[in-house]
Amino acid sequence: MDIHPFALALARPLGTARGDITEREGFVVRLSVDGTTGVGEAAPLPDWTESLAACEAALERVAESEAETEPTALPTHETLADAPAARHAVASAVLDARAHAAGEPLARTLVDEAGNGAAPCASVPVNATVGDGGPEATAAAVASAVADGFGTVKLKVGARSVAADIERIAAVRDRCPDITLRADANGSWDLRAAERALEAFADHGVAYVEQPLPADPTPESGTRRDLRAHAELRGLGVGIALDESLAVGGEPVAAALDAAAADALVLKPMALGGPDRAVAAAHAARNAGVQPVLTTTIDGALARATAVHAAAAVPDVSACGLATGDRLECDLLDADPAPVADGRVRVPDGPGVAGATRWHQGRTDRV
Ligand SMILES: [Mg+2]
């Protein structure tokens with residue numbers, strides 16, 4: 001297994017709890033399964049996965065332990081237990097090789113792995129994301145997304161007062177009466193602020209709010225504190241989606257479903273440890289009557305396309321957060337194998353992750 005570091009400049013800084021980052025760093029791994037090459041991407045992100053150094057160390061341990069024989073099965077290595085981005089890369093590469101050997105798109109391989117037999121979708125609906133801004137600017141940005149063909153827009157909220165966010169939502173609804181509107185608070189409210197926002201957002205037909213309260217896996221009366229609190233916020237007329245809560249604690253997807261804490265779960269293959277795990281989590285959510293939404297972690301083109309295949313393996317998937325390629329200034333592939341048009345992303349129909357668009361090693365040097 002070869003490990004190739006990369007660094008991709010972001011078109012604009014990405015805010016994390018540990019400050020803004022200006023590039024996405026990671027590794028492309030390349031391995032061979034029964035003579036067929038597969039590639040996979042690890043793009044670790046602070047707060048969501050292991051660190052870059054821990055990711056590299058985990059990949060090196062896999063490469064050393066597999067010096068004689070390449071990994072041919074989906075990794076279950078102890079060394080990857082706390083390294084979801086590293087596992088994402090290795091699992092993606094094994095699945096890419098298998099899909100290439102079968103001459104089928106990765107989505108087909110993922111459907112077969114999940115064992116439900118449904119045909120993968122040819123395209124997946126995606127949402128546009130609109131950041132913070134005043135009411136006028138926010139409404140204009142949403143109108144622009146509608147003009148580009150998006151049927152669902154996610155608004156970032158929580159950077160200003162609840163009253164100011166309510167004004168923004170009202171301005172958007174006034175200008176775009178038919179758009180499916182979601183909001184993402186990134187855990188910035190307390191219970192009182194969340195209740196106030198949700199009650200007002202319900203009047204403007206907001207479909208769901210992502211992560212109203214902070215992630216907090218502290219146990220409380222037999223369940224996690226954040227899951228218990230989010231469960232209490234359900235039923236106020238706006239759905240509750242969990243995102244950051246799924247990056248902390250052991251088995252967070254199962255815990256969220258057990259606690260009936262959400263109407264929707266935001267599933268990030270990179271944070272969950274691979275596309276196979278994201279598809280399994282999506283099926284578990286659907287079986288519990290919870291809406292799965294697959295999203296990237298602002299990854300390179302390989303991991304974005306991998307996430308698109310994962311979404312395509314989920315029946316009737318609702319709008320996903322996969323339209324993130326424009327956040328990067330350069331990329332891992334010469335052409336995006338999963339382009340976005342009219343609010344949908346096309347699922348690559350060639351073999352493997354990226355069909356005939358192969359990973360370009362020359363583009364993965366550190367910049
Ligand atoms: Mg979110």
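Q: How should the relative accessibility of Asp 243 be read: does this residue count as buried or exposed?
A: The model shown here is a predicted one. A residue counts as buried when its relative accessible area is under 20%. Asp 243 has a relative accessibility of 4%, and therefore counts as buried. Asp 184 is likewise buried, its relative accessible area being 1%.

Q: Which residues coordinate the magnesium ion, and at what distances?
A: A metal site is read by listing the residues whose atoms coordinate the ion. Here Asp 184 and Asp 243 each coordinate the magnesium ion through OD, and Glu 210 does so through OE. The distances run from 2.0 to 2.3 Å.

Q: How are the donor residues of the magnesium ion spaced in sequence?
A: A spacing pattern names each donor residue and gives the number of residues that lie between one donor and the next. For this ion the pattern is D-x25-E-x32-D. Asp 184 belongs to strand β7, residues 180-184, whereas Asp 243 belongs to the loop between β11 (239-242) and α8 (252-258), so the pair ties together parts that lie 59 residues apart in sequence.

Q: What joins the side chains of Lys 154 and Asp 184?
A: One may look beyond the ion to the partners of its donor residues. The side chains of Lys 154 and Asp 184 are joined by a polar contact of 3.3 Å. Lys 154 is part of strand β6, which covers residues 152-156, and counts as buried at 13% relative accessibility. When neighbours within four places in sequence are left aside, the residues in contact with Lys 154 include two donors of the ion, Asp 184 and Glu 210. Asn 127, Ala 128, Thr 129, Val 130 and Arg 182 are also in contact with Lys 154.

Q: Into which domains is the protein chain divided, and how far apart are their centres?
A: Domains are read as stretches of the chain with stated bounds. This chain is divided into domain 1, residues 2-103, and domain 2, residues 123-357. Taken over C-alpha atoms, the centres of the two domains are separated by 23 Å. Domain 1 gives 31 residues to the contact and domain 2 gives 32 residues.

Q: How much area do domain 1 and domain 2 bury between them?
A: An interface is often described by the accessible area that is lost when its parts come together. Domain 1 and domain 2 bury about 2,500 Å² between them, and 64% of this area is on carbon and sulfur atoms. Of the area that domain 1 buries against domain 2, Glu 41, Trp 48 and His 88 supply 27%, more than any other three residues.

Q: Where does the largest nonpolar core lie, and why?
A: The position of a core can be read from the domains that give residues to it. The largest nonpolar core has 115 residues, and Leu 59, Trp 189, Phe 201, Leu 265 and Leu 294 are those with the most contacts inside it. Both domain 1 and domain 2 give residues to this core, so it lies between them. A second, separate core has five residues, among them Tyr 208, Ala 241, Ala 264 and Val 266.

Q: Which residues does Phe 201 touch?
A: Contacts are listed here without residues up to four places away in sequence. On that basis Phe 201 touches Trp 189 and also Val 157, Asp 165, Ile 166, Ile 169, Ala 183, Val 206, Val 209 and Val 238.

Q: Where is Ala 99, and what does it touch?
A: Ala 99 lies in helix α2, residues 84-102. Its relative accessible area is 0%, which means that Ala 99 is buried. Residues up to four places away in sequence not being counted, Ala 99 touches Glu 104, Pro 105, Leu 106, Thr 109, Pro 351 and Gly 352. Ala 99 and Gly 355 are 256 residues apart along the chain, and their C-alpha atoms are separated by 9.8 Å.

Q: What is the phi value of Ser 221, and where is this residue found?
A: Most residues other than glycine have a negative phi. Ser 221 has a phi near 50°, a positive value in a residue that is not glycine. Ser 221 lies in the loop between β9 (219-220) and β10 (223-224) and is exposed, with a relative accessible area of 67%. Asp 342 also has a positive phi, of about 50°. Asp 342 is in the loop between β14 (340-341) and β15 (344-346), and is exposed at a relative accessible area of 61%.

Notes
Residues are numbered from 1 along each chain as its sequence is written. This is a predicted model: local features need pLDDT of at least 70, side-chain atom pairs count only at pLDDT 80 or more; totals for chains, interfaces and linings use all residues. Side-chain values use heavy atoms; hydrogens and water are left out. A nonpolar core is a set of buried Ala, Val, Leu, Ile, Met, Phe, Trp, Tyr and Cys residues joined through side-chain atoms within 4.5 Å. Buried means under 20% relative accessible area, exposed over 50%, partly exposed in between (1.4 Å probe, protein chains only). Domain bounds come from an automatic or database domain assignment. Contact means heavy atoms within 4.5 Å. Donors are N, O and S atoms within 2.8 Å of the metal (3.2 Å for Na, K and Ca); water is not among the atoms, so sites may look incomplete. Helices (H or I, at least four residues) and strands (E, at least two) are DSSP runs, numbered from the N terminus. A polar contact is a pair of N or O atoms within 3.5 Å; within protein, one must be able to donate a hydrogen and the other to accept it, and residues adjacent in sequence count only if both atoms are side-chain atoms. Buried area is the accessible area (1.4 Å probe) that two parts lose on being put together, summed over both.
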